[in-house]
Number of protein chains: 2
Amino acid sequence: MADTGTSDDTREKILRSALRLFTTQGFHATPTAQISRGAGVSTGALFHHFTDKATLTSEVYLAIKREMAADLREGDDMALPVRKRITGGIRRYIEWGVSHPEERAFLNLFYHSPNICDAVKDRTYADFRWLHDLCAEAVAEGVIRDVPHPVLFTVIVRTADGIVDLAAAVPPGTAREEVVDAGLAVIWHGIGAEGPG
Amino acid sequence: MADTGTSDDTREKILRSALRLFTTQGFHATPTAQISRGAGVSTGALFHHFTDKATLTSEVYLAIKREMAADLREGDDMALPVRKRITGGIRRYIEWGVSHPEERAFLNLFYHSPNICDAVKDRTYADFRWLHDLCAEAVAEGVIRDVPHPVLFTVIVRTADGIVDLAAAVPPGTAREEVVDAGLAVIWHGIGAEGPG
DNA sequence: GTCTATAATAAGATAGAC
DNA sequence: GTCTATCTTATTATAGAC
């Protein structure tokens with residue numbers, strides 16, 4: 001068990017180095033040699049752990065998505081009413097984005113890149129399925145207005161993404177909380193069946 | 001005047017070829033040789049019209065932004081009440097996105113790319129200034145709730161971007177109109193001071 | 001499992017003829 | 001203003017020692 005520690009460490013260091021360089025330079029502008037150098041290992045070690053550069057890129061993506069999905073779900077309390085669960089989910093989504101700027105930049109980069117295999121994107125859909133179900137539940141309960149689900153989900157996620165960028169550009173504390181609260185208020189005015197909250 | 005036509009044509013063909021290839025392959029994955037080949041000209045001609053690849057990329061961006069800004073402003077009727085002008089502006093924004101998929105893909109790609117000079121992005125801000133002013137006017141008139149301007153503008157644009165993606169994925173006609181109308185309803189519920197509309 | 005050295009290829013940009 | 005040919009450099013990935 002202690003022996004495999006070194007190998008896993010190398011793998012992790014390569015993933016972290018790739019994340020940092022991809023987000024500051026882009027995929028194709030980042031040579032594999034620079035990634036391995038940033039990780040403190042050799043080119044040979046990189047290609048021992050990852051078959052090629054595309055695989056390494058996908059692995060970075062999958063690792064981030066898995067971590068993000070776990071963080072989001074961990075904070076969910078199923079005992080709470082649906083509206084509070086959704087608000088909490090959006091808040092955690094925003095907090096995660098603000099506190100993970102490199103991961104967020106990578107996801108944006110990856111998402112808008114051409115020629116990135118959709119199969120890779122689809123592999124993470126299941127981890128977020130419960131959020132879709134939660135929204136459907138809210139609509140069924142009359143907590144959310146009867147908006148077509150794709151429109152509903154898109155509005156929530158896109159708006160939250162925008163709030164993340166705004167919140168990250170503002171100093172932590174009251175100013176940041178005000179941005180998040182204002183964003184949440186607009187979202188709930190937009191989708192909520194009742195008054196604001 | 002007729003003599004310069006050939007040269008301008010070459011320039012335009014290079015810009016169009018670059019747009020198509022960048023959106024399907026990405027910036028760094030697209031060799032300049034392929035761009036010139038796609039335009040039906042030689043590498044030499046490309047570097048005669050653009051000093052380097054980065055300049056060509058920026059020129060594609062600026063041309064798209066200029067065209068988009070002109071289309072948006074052209075449809076504006078200053079005689080209309082503020083709310084109708086904003087609704088019309090969002091509708092034209094969505095329509096432009098749906099009918100310009102390559103341009104939209106390029107803007108997304110460019111916007112999320114690292115190392116793209118902010119100075120280039122800033123050069124187009126003035127063309128959209130009137131939209132910011134229009135929103136501020138709506139807040140001053142009490143047509144839009146008193147939401148901090150960055151939050152307000154972000155919510156509108158991000159939601160509209162999401163609606164473009166949804167609308168583009170649906171066949172034109174009733175289905176598409178329903179998506180757009182549903183999106184606009186959510187936006188106005190979110191930001192409007194009065195009832196829905 | 002990690003290293004150094006290198007093979008094989010492809011990139012951006014230029015030179016000089018026409 | 002456009003072409004062909006090419007220079008220079010950088011890239012991904014592999015080979016083989018340790």
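In this predicted model, about 620 Å² is buried between domain 1 of chain A and domain 2 of chain A, and carbon and sulfur atoms give 82% of that area. On the domain 1 side, the residues that lose the most area to domain 2 of chain A are Leu19(A), Thr23(A) and Phe27(A), which together account for 76% of what that side buries. The side of domain 1 that touches domain 2 in chain A is made up of 3 nonpolar, 2 polar and 1 charged residues. In terms of contacts, 6 residues of domain 1 of chain A meet 8 residues of domain 2 of chain A. The search for salt bridges across this interface of chain A finds 0, and the search for residue pairs in polar contact, with both residues at pLDDT 80 or more, also gives 0.

It helps to place these two domains along the chain. The domain assignment of chain A gives residues 1-50 to domain 1 and residues 61-191 to domain 2. Between the C-alpha centres of the two domains of chain A there is a distance of 29 Å.

The next interface to look at is the one between the two protein chains. The size of an interface is often given as the accessible area lost when the parts come together. For chain B and chain A, the buried area is about 2,600 Å², with 71% of it on carbon and sulfur atoms. His112(B), Arg158(B) and Val186(B) supply 22% of the area that chain B buries against chain A, which is more than any other three residues. Counted by contact, 34 residues of chain B meet 34 residues of chain A.

Polar and charged pairs also turn up between the chains. The rule finds 2 salt bridges across the interface of chain B and chain A. In a salt bridge between the chains, the side chain of Asp165(A) meets that of Arg158(B), with an N to O distance of 2.6 Å. Arg158(B) is thus a residue with two roles to notice here, being also one of the three named for the area that chain B buries against chain A. In addition, 6 residue pairs are in polar contact across the interface of chain B and chain A, counting pairs with both residues at pLDDT 80 or more.

Which helices of chain B each supply at least two residues of the side that touches chain A? They are helix 1 (4-25), helix 6 (101-112), helix 9 (149-168) and helix 10 (174-191) of chain B. Helix 9 of chain B gives the most to this side, with 11 residues. Sorted by class, the side of chain B that touches chain A holds 15 nonpolar, 15 polar and 4 charged residues.

The protein also meets DNA. Around DNA strand C there are 16 residues, and the closest are Thr10(A), Ser42(A), His49(A), Thr32(B) and Lys53(B). A phosphate oxygen of DNA strand C is 2.6 Å from an N or O atom in the side chain of Thr10(A), and the distance of 2.6 Å is found again for a side-chain N or O atom of His49(A). For Ser42(A), a polar backbone atom lies 2.6 Å from a phosphate oxygen of DNA strand C. Of the atoms of DNA strand C within 4 Å of the protein, 72% belong to sugar or phosphate, and the rest to bases.

Key: Residues numbered from 1 in each chain as written. Chains lettered and ligands numbered in written order. Predicted model: local features only at pLDDT ≥ 70, side-chain atom pairs only at ≥ 80, totals over all residues. Heavy atoms only, no water. Near = heavy atom within 4 Å. Polar contact = N/O pair within 3.5 Å; in protein donor to acceptor, adjacent residues only side chain to side chain. Domains from an automatic or database assignment. Contact = heavy atoms within 4.5 Å. Buried area = accessible area lost by both parts, 1.4 Å probe. Salt bridge = Lys/Arg side-chain N within 4 Å of Asp/Glu carboxyl O. Nonpolar A, V, L, I, M, F, W, Y, C, P; charged D, E, K, R; others polar. Helix = DSSP H or I, 4+ residues; strand = E, 2+ residues; numbered from the N terminus.
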